[in-house]
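Take a moment to look over the sequence and the model shown below. We will then walk through its core and a pair of loop residues.

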Amino acid sequence: MSEEPRFIVDTMLGRLARWLRILGYDTVYHRRLEDWKILKIASEENRIIITRDTGLHRRALNKGLKSILLEPDDMAERLALIAYLTGIRLYIDLDRTRCPICNTPLLRVSKKDVKDKVPRKVYELHDDFWICPRCGKVYWMGSHWRMIEKILEDARRIYEKLRNDRRRLFE
Ligand SMILES: [Zn+2]
């Protein structure tokens, strides 16, 4: 298997960082990270920069780094564009999902292991649980799951359109 792309996301794109982690991609994000530091980490760790800042984007390209200037506001469009440019998956592989908060790969745990860690109702309704070994947060496919699936469905549709438009361009 080829190596998976890794990312560093500009300070304004916290929500996107969480999405990339849920999709299973190693993504650096801090609320406060100056441009020089983003460029340094991208260079040292071979990460693709994702930014909305034209200045940072240009500086990255001048240094020979990979950078994506992200223009769309809509999350499905953003993910589709990133998939088009880098080949990321637009579906969730739960064995690769990373903690959206701290970027650590999640571990699947048995139901009884989370008994005291989740609300009783959640425990009764769900059988599959994951835990972050670093920050301890427990995850399950809660009500937000439908929203996630919906956005990914839209993203896949937009991605197909991007590919078709490109094909047409070269025909
Ligand atoms: Zn975590």
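Helices and strands here are runs assigned by DSSP, numbered from the N terminus. The model is a predicted one. With that naming in hand, we can place Asn103 in the loop between α4 and β5 (107–109).

Let's start inside. The largest nonpolar core has 28 residues, and those touching the most other members are Phe7, Val9, Leu20, Ile49, Ile50 and Ala155. Two or more core residues come from each of β1 (7–9), α1 (14–22), α2 (35–45), β3 (48–51), α4 (75–86) and α6 (144–170). With five residues, α1 gives the most to this core.

Which residues does Ile49 touch, leaving out those up to four places away in sequence? They are Ile8, Ile38, Ala42, Ala60, Leu65, Lys66 and Ser67. There is also a second, separate core of five residues, including Cys99, Phe129, Cys132 and Tyr139.

Now for the backbone. Most residues other than glycine have a negative phi. Asn46 and Asn103 are worth finding in the model, as phi is positive in Asn46 and also positive in Asn103.

| Residue | Phi | Loop | Other C-beta atoms within 10 Å |
|---|---|---|---|
| Asn46 | near 50° | between α2 and β3 | 12 |
| Asn103 | near 75° | between α4 and β5 | 19 |

Are these residues buried or exposed? Asn46 counts as exposed because 12 other C-beta atoms lie within 10 Å, and the cut-off for exposed is 12 or fewer. Asn103 has 19 such atoms within 10 Å, so Asn103 is partly exposed.

Definitions and conventions
Residues numbered from 1 in each chain as written. Predicted model: local features only at pLDDT ≥ 70, side-chain atom pairs only at ≥ 80, totals over all residues. Core = buried A, V, L, I, M, F, W, Y, C linked by C-beta atoms within 7 Å. Buried ≥ 20, exposed ≤ 12 C-beta atoms within 10 Å, placed from the backbone. Helix = DSSP H or I, 4+ residues; strand = E, 2+ residues; numbered from the N terminus. Contact = placed C-beta atoms within 7 Å.
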